[in-house]
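Welcome to this guided tour. Open your viewer, get ready to select residues by number, and follow along one stop at a time.

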Amino acid sequence: MIDFVLRMKLIAQLATLISILSFPAAEIGAQTQNTPPSQPAAPAQEPKQHLLPAPPRPQRPRSTDDAAAVPDRAAMLRGAYGPFRANNDLLYYHLNVRVDPDDKSLKGKNTIRFRMLQDATRIQLDLQEPLQVDKILMGSTELKYQRDTGAVFIDFPQTLRAGQVYSIDFYYSGHPRTTGRFGGITFKTDPAGHTWINTACEGIGASLWWPNKDQWRDEVEEMDLSVEIPNNLVDVSNGKFVSKTDLGDGYTRWDWHIHYPINNYDVSLNIGDYVHFGDQLGNVPLDFYVLPADLDKAKIQFSQAKGMLEAYQHYFGEYPFVKDGYKLVEAPYSGMEHQSAVTYGNLFQNGYLGRDWTEVGISPRFDFIIIHESGHEWFGNSITAADPADMWIHEGWTTYLESLYVEYRWGTADAIKYLDGYKPKVHNLRPIVGERGVNAEPPVDQYFKGALMLNTLRSVLNNDPTWWKLLHDLYQHFKYQNILTEDIVAYCNQHTGLDLTPIFDQYLRHAPIPRLELLFGEAPGMVMYKWRADEENFAMPVRVGTPGHWQTIHPTTNWQSMQTDLTKDQFAVDTDHFYIDVNKQ
Ligand SMILES: [Zn+2]
């Protein structure tokens with residue numbers, strides 16, 4: 001209880017303080033930054049940005065951190081789940097493509113099977129220029145189509161009926177663009193001078209190199225991938241290796257079967273002078289493909305894959321793609337989460353491209369790319385966001401999975417230390433979840449702030465067995481599905497019995513993080529507290545006091561008070577476990 005006179009004094013102080021604190025929301029963002037928005041000097045390095053062999057170096061934050069790009073027509077057509085996409089449900093692809101390394105060209109067809117959800121005469125697929133549409137057939141009937149930027153609108157002579165399954169053959173050819181952060185598709189040579197062709201097209205889109213329904217909401221249920229390449233080369237793609245067939249014209253066809261739903265950007269070609277070695281973890285086949293010169297290094301470095309799989313299986317359950325196996329495939333960029341065929345270019349060293357990634361001494365204990373990109377098998381590949389705006393479901397969760405790996409191997413204290421090392425990489429310049437339907441990638445905060453938010457939720461629950469069960473059950477509930485942020489929030493609310501919506505919304509849908517306002521009176525013995533947050537109903541427990549003697553308080557956005565023997569300087573807040581700002585007055 002508060003002494004009445006003291007309370008009156010505090011209320012008078014408060015009136016003054018509230019007038020001081022009532023600056024516009026934009027300023028709150030600036031106050032909570034290490035650097036103001038106009039000078040985003042903090043080097044934000046996002047996984048997957050680097051191309052080898054360039055040495056690691058600080059990079060400017062991408063423009064997406066300052067403001068969302070204004071979508072152009074191509075982004076609108078690719079991002080929107082419009083009526084000509086929503087009227088059908090993908091069932092199956094068989095992509096058969098011939099790759100000409102000398103001409104740097106592709107030629108092939110994708111057989112696309114889908115079920116109509118409504119009666120319609122038109123559907124939308126995608127193929128980006130300068131690739132050509134050679135013809136589109138249903139049976140022997142050639143279909144008319146209209147191209148509009150990357151979209152291909154296909155018209156049928158008769159109405160396709162809801163509930164019926166149809167199949168079309170989409171023939172294409174040409175020279176694909178090399179563009180985007182990872183090149184999309186690159187025709188390179190390895191250090192020994194052999195052909196090395198790789199795809200990595202998240203963001204820019206798989207329709208950069210093959211025709212498909214290029215969006216995130218609808219995945220095929222299964223896929224066959226047949227890749228024709230010159231006889232002396234090896235293709236490593238997703239799924240289970242089926243066979244290779246000498247076509248008798250200098251080319252060999254490599255057939256792969258993907259038994260599970262797969263997002264388009266995960267479909268991958270890796271064509272080169274690969275050598276293979278294998279292993280097994282329980283019922284999961286492990287297959288590794290590297291350039292011959294790297295074989296010895298890879299045999300040592302890739303032994304980390306087993307410990308990674310064991311850790312993630314411990315928290316979430318069985319590896320999601322057992323029938324396809326788990327693969328690591330050497331590639332000329334840092335890495336990418338291609339489903340069941342994770343690409344790897346991390347120099348066969350621990351850390352991230354040789355650096356201590358979170359700079360707290362823990363990252364050098366493991367290979368960042370093996371641990372991060374493989375974590376996406378659970379969050380990104382098995383559970384997939386239904387729109388790029390919700391991509392924190394891939395990146396925030398997988399960054400958090402890194403800390404789970406650390407916790408599994410080295411304990412909770414190191415996991416918390418590892419996560420706290422991510423704080424300097426957070427910008428808090430704009431919300432993590434942006435506009436849907438425009439194919440816009442969220443800011444890098446989706447990685448580090450997303451992970452720090454999840455760690456904060458663990459502290460909010462304050463009951464680790466409950467937290468571990470929630471993580472496990474949430475993954476099991478949503479595996480192989482395409483979901484939105486609201487699905488995760490609703491699941492967590494339902495299974496904790498708490499209203500966590502304002503917490504999720506504050507971290508994901510606003511730029512600033514919550515700030516704990518602490519107001520100390522003239523007399524010792526009491527402190528007033530409340531949250532400053534954009535969410536009107538923001539309420540979150542937090543631990544205060546001194547390390548080792550924490551006390552949980554339940555601040556809301558209204559002032560409350562507590563007694564304390566601590567002075568303003570002694571009074572601490574557990575910011576290791578809660579990602580928040582603190583303002584003592
Ligand atoms: Zn990632």
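What volume does the largest pocket have? The answer is about 780 Å³. Keep in mind as you look around that this is a predicted model.

**Stop 1: the largest pocket**

Select Ala-75, Arg-78, Gly-203, Ile-204 and Asn-439, which lie nearest the centre of the largest pocket. They are among the 37 residues that line this pocket. Now colour the lining by class: you should find 17 nonpolar, 11 polar and 9 charged residues. Which helix gives the most to this lining? Select residues 73-79 to see helix H3, which contributes 3 residues.

**Stop 2: the second largest pocket**

Next, select Pro-191, Trp-196, Leu-291, Asp-294 and Glu-330 to land nearest the centre of the second largest pocket. This pocket holds about 430 Å³ of space, and its lining is made of 23 residues. By class, that lining has 13 nonpolar, 4 polar and 6 charged residues.

**Stop 3: a strand and its glutamine**

Select residues 120-126 to show strand S3, and pick out Gln-124 within that strand. Is Gln-124 buried or exposed? Gln-124 counts as buried because its relative accessibility is 4%, and the cut-off for buried is under 20%. Show the side chains of Gln-124 and Asp-126, and you can draw a polar contact of 3.4 Å between them. Then look at partners beyond four places in sequence: Gln-124 is in contact with several, including Leu-77, Phe-84, Phe-153 and Lys-213.

Follow the chain onward from S3 into the loop that leads to strand S4 (132-138), where you will find Pro-130. Zoom in on the bond between Glu-129 and Pro-130: this peptide bond is cis, with omega of about 10°. Most peptide bonds are trans.

**Stop 4: the largest nonpolar core**

Zoom out for a moment. The protein has 585 residues, and 58% of them count as buried. In soluble globular proteins, nonpolar side chains tend to be buried together. Here, the largest nonpolar core has 158 residues. Which of its members touch the most other members? Select Tyr-326 and Trp-392 to see them. Helix H10 (residues 445-461) gives the most to this core, with 9 residues.

Stay with Trp-392 and show what surrounds it. Not counting residues up to four places away in sequence, Trp-392 touches Trp-397, Ile-432, Met-453 and Phe-504, among others.

**Stop 5: a covered helix**

Select residues 368-375 for helix H7. How many of the residues of H7 are buried? The count is 8 of 8, and among them are Phe-368, His-372 and Glu-373. Now add Asp-367, which caps the N-terminal end of H7. A side-chain oxygen of Asp-367 lies 3.1 Å from the backbone nitrogen of Ile-369.

**Stop 6: two positive phi angles**

Most residues other than glycine have a negative phi. Select Leu-353, in the loop between strand S20 (342-344) and H7. Phi of Leu-353 is positive, near 50°. With 4% relative accessibility, Leu-353 counts as buried.

Then move to Asn-428, in the loop between helix H9 (412-420) and H10. Phi of Asn-428 is positive too, near 55°. Asn-428 counts as buried, at 4% relative accessibility.

**Stop 7: two loops and their distant partners**

Select Pro-512, in the loop between helix H13 (501-509) and strand S23 (515-520). Pro-512 counts as buried, with 7% relative accessibility. Add Leu-429, which is 83 residues away along the chain, and find the C-alpha atoms of the pair separated by 7.4 Å.

Finish with Gly-250, in the loop between strand S13 (240-246) and strand S14 (251-258). Gly-250 counts as partly exposed because its relative accessibility is 35%. Leaving aside neighbours within four places in sequence, Gly-250 is in contact with Ile-229, Pro-230 and Asn-231. The C-alpha atoms of Gly-250 and Asn-232 are 8.8 Å apart, with these positions 18 residues apart along the chain.

**A last look at the whole**

Show the cartoon of the full chain: there are 13 helices and 29 strands to trace. Among contacts between residues at least 6 apart in sequence, 69% join residues at least 24 apart.

Terms used:
Residues numbered from 1 in each chain as written. Predicted model: local features only at pLDDT ≥ 70, side-chain atom pairs only at ≥ 80, totals over all residues. Heavy atoms only, no water. Helix = DSSP H or I, 4+ residues; strand = E, 2+ residues; numbered from the N terminus. Buried < 20%, exposed > 50% of the residue type's maximum accessible area, 1.4 Å probe, protein only. Polar contact = N/O pair within 3.5 Å; in protein donor to acceptor, adjacent residues only side chain to side chain. Contact = heavy atoms within 4.5 Å. 1 Å grid on protein atoms, 1.4 Å probe; cavity = no way out; pocket = protein on both sides within 12 Å on 5 of 7 lines; lining within 4 Å. Points joined across faces, edges and corners; volume = space filled by probe spheres on them. Nonpolar A, V, L, I, M, F, W, Y, C, P; charged D, E, K, R; others polar. Core = buried A, V, L, I, M, F, W, Y, C linked by side-chain atoms within 4.5 Å.
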